[in-house]
Amino acid sequence: MDTRTPRPGAPARGSDSGRPVMAALDLLGRRWTLRVLWELSQSPAGFRELQRRCERMSSSVLSTRLNELTDARLLTLHEDAYHLTRLGEALVEALGPLNAWSRQWAEEMGGGQLPQSPTAS
């Protein structure tokens, strides 16, 4: 398993092109990444609080994701709490249309009752 943080201009999982979108999809497709971003978009949190919010995530996976997202400049650690950077906030905002589309898709597919607030897990 490749544990390097995906970077624009470098080969990514599923693509050797180096295109930034492929690096972004590689990073976002990693287990628990979207959930961590979602939780931090609600409010900053320290390691233990994030682990509590993501109830089934192991400490080793959380540590890896936090390191990757910090390395990708989407998070920063400030006063014992992780915060989204401006780039991280822009990413969460950019995911809004995908959330809207997924709700439309769920309706088309007969998804039944949908939760009111989006979740990233």
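pLDDT is the predictor's confidence in each residue, on a scale from 0 to 100. You'll want that here, since the model is predicted.

**Exercise 1. Find which elements of the protein chain have the lowest and the highest confidence.**

Solution.
- Start with the whole chain: the average pLDDT is 89, and 89% of the residues score at least 70.
- Now go element by element. Helix H1, residues 20-28, sits at the bottom with a mean of 91.
- Strand S2, residues 81-84, comes out on top at 98.

**Exercise 2. Lay out the elements of the protein chain in order from the N terminus.**

Solution.
- Count what there is: six helices and two strands.
- Then read along the chain, and the order is α-α-α-α-β-β-α-α.
- For a feel of how the chain folds back on itself, take contacts between residues at least 6 apart in sequence: 42% of these join residues at least 24 apart.
- Buried residues account for 31% of the 121 residues.
- As for the outside, the chain exposes about 8,100 Å², with 53% of that coming from carbon and sulfur atoms.

**Exercise 3. Compare the span of H6 with its expected value, then look at what lies on and just after the helix.**

Solution.
- H6 has 13 residues, and at 1.5 Å a residue the expected span is 18 Å.
- From first C-alpha to last, the helix reaches 19 Å, which is close to that value.
- Next, pick out tryptophan 105, which belongs to H6 (residues 96-108). Its relative accessible area is 47%, so Trp105 is partly exposed.
- Trp105 joins Leu98, Trp101 and Met109 in a nonpolar surface patch of about 500 Å².
- Step just past the helix and you hit glycine 110, whose phi is positive, at about 75 degrees.

**Exercise 4. Work out which parts of the chain are tied together by the Asp26 and Arg53 salt bridges.**

Solution.
- Recall the basic idea: side chains of opposite charge can pair when their charged atoms come close.
- The cut-off is a Lys or Arg side-chain nitrogen within 4 Å of a carboxyl oxygen of Asp or Glu. The count comes to 11 salt bridges.
- Take aspartate 26 and arginine 13 to begin with: their N to O distance is 3.1 Å, so they pass.
- Aspartate 26 is in helix H1 and arginine 13 in the segment before H1, so this pair ties together parts 13 residues apart in sequence.
- Aspartate 26 counts as buried, at 5% relative accessibility.
- Now arginine 53 and glutamate 39, at 3.8 Å from N to O.
- Arginine 53 is in helix H3 (residues 47-53) and glutamate 39 in helix H2 (residues 33-42), so here the linked parts are 14 residues apart in sequence.
- Both arginine 53 and glutamate 39 are buried.

**Exercise 5. Explain how glutamate 68 and arginine 65 are placed relative to each other in H4, and say whether they are buried or exposed.**

Solution.
- The closest N and O atoms of glutamate 68 and arginine 65 are 3.0 Å apart, and the two form a salt bridge.
- Both lie in helix H4 (residues 59-71); because they are three residues apart, about one helical turn separates them.
- For burial, the threshold is under 20% relative accessible area. Glutamate 68 has 4%, so it's buried, and arginine 65 is buried too, with 8%.
- Finally, look for bridges that share partners: these join Arg35, Glu39, Glu49, Arg52, Arg53, Glu55 and Arg56 into one network.

Key:
Residues numbered from 1 in each chain as written. Predicted model: local features only at pLDDT ≥ 70, side-chain atom pairs only at ≥ 80, totals over all residues. Heavy atoms only, no water. Helix = DSSP H or I, 4+ residues; strand = E, 2+ residues; numbered from the N terminus. Patch = residues over 30% accessible without salt bridge, like charges linked within 9 Å, V, L, I, M, F, W, Y side chains within 5 Å. Areas by Shrake-Rupley, 256 points an atom, 1.4 Å probe, with all protein chains shown as cover. Buried < 20%, exposed > 50% of the residue type's maximum accessible area, 1.4 Å probe, protein only. Contact = heavy atoms within 4.5 Å. Expected span 1.5 Å × (residues − 1).
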